[in-house]
Amino acid sequence: MTEQPQPPFGTFETVAPALDVLDLLAGPVADALATWEDREAARSVLYVDTDPEKADTAVFCETYGVPLEASANCVVVAAKRGGETTQAACLALAHTRVDVNKAVRKRLEARKASFAPMDAAVAQTGMEYGGITPVGLPAGWPLLIDAAVAGAPYVLVGSGRRRGKLILPGRALAALPGAEVLAGLAG
């Protein structure tokens, strides 16, 4: 029997390489990991089983002993310009806030940018609210990553479902399709 991998932080009863438990992930997330061209990055992703009732960031971090500085939130934004709407995802450490009004709007060259409505974000990503992750986003979506996330040794993000989370190196997140690392995306 192989030994369970150890996460870089937190207290989790069940930890496994994400590639070994694709059936526990949301479909788009499992597909993205299985087909990720950067196989080393895909192999670096750990899955930790967690209580879906404790998926919200503050409660989660307290329950599982994860520092806010090691947890990242993925939010979906809608940027509008001239009748066109661009969907994008933004990833920032949990103790910061994405600067939608300036940094996101400027980068996406939009007249207006705002957080996408929950039902639209869920429908477009194929992921559950409270579990939306940068892994497995729709093709063509920009993924804006705050530089602090990309520079972190390891970061915890959603798994596409409220149950379970993923832990992976910040550099692996920066290697995701459509990813762009931005200084000052969050503060």
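**Exercise 1. In this predicted model, determine what share of the contacts with a separation of 6 or more comes from residues 24 or more positions apart, and set the result beside the overall dimensions of the protein.**

Step 1. Among the contacts in the protein with a separation of 6 or more, 65% are accounted for by residues that lie 24 or more positions apart.

Step 2. A compact globule of 187 residues would have a radius of gyration near 16 Å, and because the protein has 16 Å, the value agrees with that expectation.

Step 3. The C-alpha trace spans about 60 × 30 × 30 Å along the principal axes of the protein, while buried residues make up 46% of the 187 residues.

Step 4. The largest nonpolar core holds 38 residues, of which Leu-166 and Leu-173 touch the most other members. Another core, of 15 residues, lies apart from it and includes Cys-90, Ala-92, Ala-113 and Leu-144.

**Exercise 2. Establish in which order the five strands of the open sheet are arranged, and explain why β5 and β9 each have one side without a neighbour in the sheet.**

Step 1. The protein contains seven helices and nine strands, and five of the strands form an open sheet with mixed pairing, in the order β5-β3-β4-β6-β9.

Step 2. Since β5 (112–115) and β9 (179–182) stand at the edges and each has a single partner strand, one side of each is left without a neighbour in the sheet. From one strand to the next, the twist averages 30°.

Step 3. The pairing of β6 (residues 143–146) with β9 is parallel and runs over four bridges, and Ile-145 stands opposite Val-181 in β9.

Step 4. Helix α4 (residues 100–107) packs on this sheet and touches β3 (72–81), β4 (84–93), β5, β6 and β9, with its direction making about 120° with that of β5.

**Exercise 3. Decide whether Ser-159 is buried or exposed, and identify which backbone oxygen atoms lie 3.3 Å and 3.1 Å from a polar atom of its side chain.**

Step 1. Ser-159 is placed in the loop between β7 (155–158) and β8 (165–168).

Step 2. Buried means under 20% relative accessible area; Ser-159 therefore counts as buried, at 0% relative accessibility.

Step 3. A polar atom of the Ser-159 side chain lies 3.3 Å from the backbone oxygen of Arg-161, and the backbone oxygen of Gly-164 lies 3.1 Å from a polar atom of that side chain.

Step 4. When neighbours within four places in sequence are left aside, the residues in contact with Ser-159 include Leu-25, Ala-26, Val-29, Tyr-47, Gly-131 and Thr-133, as well as Gly-164, Lys-165 and Leu-166.

How values were computed: Residues numbered from 1 in each chain as written. Predicted model: local features only at pLDDT ≥ 70, side-chain atom pairs only at ≥ 80, totals over all residues. Heavy atoms only, no water. Core = buried A, V, L, I, M, F, W, Y, C linked by side-chain atoms within 4.5 Å. Buried < 20%, exposed > 50% of the residue type's maximum accessible area, 1.4 Å probe, protein only. Helix = DSSP H or I, 4+ residues; strand = E, 2+ residues; numbered from the N terminus. Polar contact = N/O pair within 3.5 Å; in protein donor to acceptor, adjacent residues only side chain to side chain. Contact = heavy atoms within 4.5 Å. Pairing = 2+ DSSP bridges. Axes fitted to C-alpha atoms, helices over the stretch in contact; angles between N-to-C directions. Rg over C-alpha atoms; globule rule 2.2 N^0.38 Å.
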